[in-house]
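Hi,

Here is the structure I promised to pass on. Have a look at it first, and my notes on what turned up are below.

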Amino acid sequence: MNLPTPNNDNRKPAKLLRYCELNDTRGITYTRRHLYKLEAERRFPRRVPLGENRVGWIESEIDEWIAQRAASRAA
């Protein structure tokens, strides 16, 4: 028996972190200017534009970046 497939795949929606949350919840204390530089060099996840003067970062990408940094110290 074939069951109908749902329109969504039941994944959690991506959470966006604001600049202040990078420090408060993830301990990333870089200045905005330094983050822009790292993004341009492709060494930090790219921001997502949310409005005219607001940006955010995808939480899972930030967590992955942190995990990569932690893994590189073990090497």
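Before the notes, one cut-off you will need: a residue counts as buried under 20% relative accessible area, as exposed over 50%, and as partly exposed in between. By that rule K15, with a relative accessible area of 41%, is partly exposed. Please also keep in mind that this is a predicted model.

Overall layout

The chain has 3 helices and 3 strands. Reading from the N terminus, the elements run β-α-α-β-β-α. Of the 75 residues, 17% count as buried. The chain exposes about 6500 Å², and carbon and sulfur atoms supply 48% of that. As for contacts between residues at least 6 apart in sequence, 40% of them join residues at least 24 apart.

The sheet

The 3 strands make an open sheet in the order β1-β3-β2, and the pairing is antiparallel. That leaves β1 (16–17) and β2 (48–51) as the edge strands, each pairing on one side only. Between β1 and β3 (residues 54–58) there are 2 bridges, and L17 stands opposite W57 in β3. Between β2 and β3 there are 3 bridges, with V48 opposite G56 in β3. If you trace the backbone from β2 to β3, you go through a hairpin of 2 residues.

The core

Which residues make up the largest nonpolar core? There are 9 of them: L17, L22, I28, L35, L38, F44, W57, I62 and W65. Two helices, α2 (32–40) and α3 (59–74), each supply at least two residues of this core. As a general point, nonpolar side chains in soluble globular proteins tend to be buried together.

L17 is a good place to start looking. Leaving out residues up to four places away in sequence, L17 touches L22, T25, R26, G56, W57, E59 and I62. Among these, L22, W57 and I62 are also listed in the core with L17.

The second helix

α2 has three buried residues, L35, L38 and E39. They sit on the same side of α2, because they cover an arc of only 100 degrees around the axis. This is easy to picture: an α-helix has 3.6 residues a turn, so residues three or four places apart point the same way. The buried residues of α2 pack against α1 (19–26) and β3. On the face turned away from the buried side you will find the exposed residues R33 and A40. After α2 comes R42, whose phi is positive, near 60 degrees.

Salt bridges

How many salt bridges are there? The count comes to 6. In general, side chains of opposite charge can pair when their charged atoms come close. Here are three that you may want to pull up on screen:

- E39 with R47, where the closest N and O atoms are 2.8 Å apart. Is E39 buried or exposed? E39 counts as buried, because its relative accessible area is 9%, so this acid of α2 belongs with L35 and L38 among the buried residues of the helix.
- R43 with E41, where the closest N and O atoms are 2.7 Å apart. E41 has a relative accessible area of 37%, so E41 is partly exposed.
- E21 with K15, at 3.9 Å from N to O. E21 is at 17% relative accessibility and therefore counts as buried, while K15 is partly exposed at 41%.

The last of these is part of something wider, since K15, R18 and E21 are linked in a network of salt bridges.

A closer look at R18

R18 is found in the loop between β1 and α1. With a relative accessible area of 41%, R18 is partly exposed. Apart from neighbours within four places in sequence, R18 is in contact with R54, V55 and W57. R18 and I58 are 40 residues apart in sequence, and their C-alpha atoms are 9.2 Å apart in space.

If you open the model, I would go to L17 and its partner W57 in β3, then to the buried side of α2 with L35, L38 and E39, and then to the network of K15, R18 and E21.

Cheers

Note on methods. Residues numbered from 1 in each chain as written. Predicted model: local features only at pLDDT ≥ 70, side-chain atom pairs only at ≥ 80, totals over all residues. Heavy atoms only, no water. Pairing = 2+ DSSP bridges. Helix = DSSP H or I, 4+ residues; strand = E, 2+ residues; numbered from the N terminus. Core = buried A, V, L, I, M, F, W, Y, C linked by side-chain atoms within 4.5 Å. Buried < 20%, exposed > 50% of the residue type's maximum accessible area, 1.4 Å probe, protein only. Contact = heavy atoms within 4.5 Å. Areas by Shrake-Rupley, 256 points an atom, 1.4 Å probe, with all protein chains shown as cover. Arc of directions from axis to C-beta. Salt bridge = Lys/Arg side-chain N within 4 Å of Asp/Glu carboxyl O.
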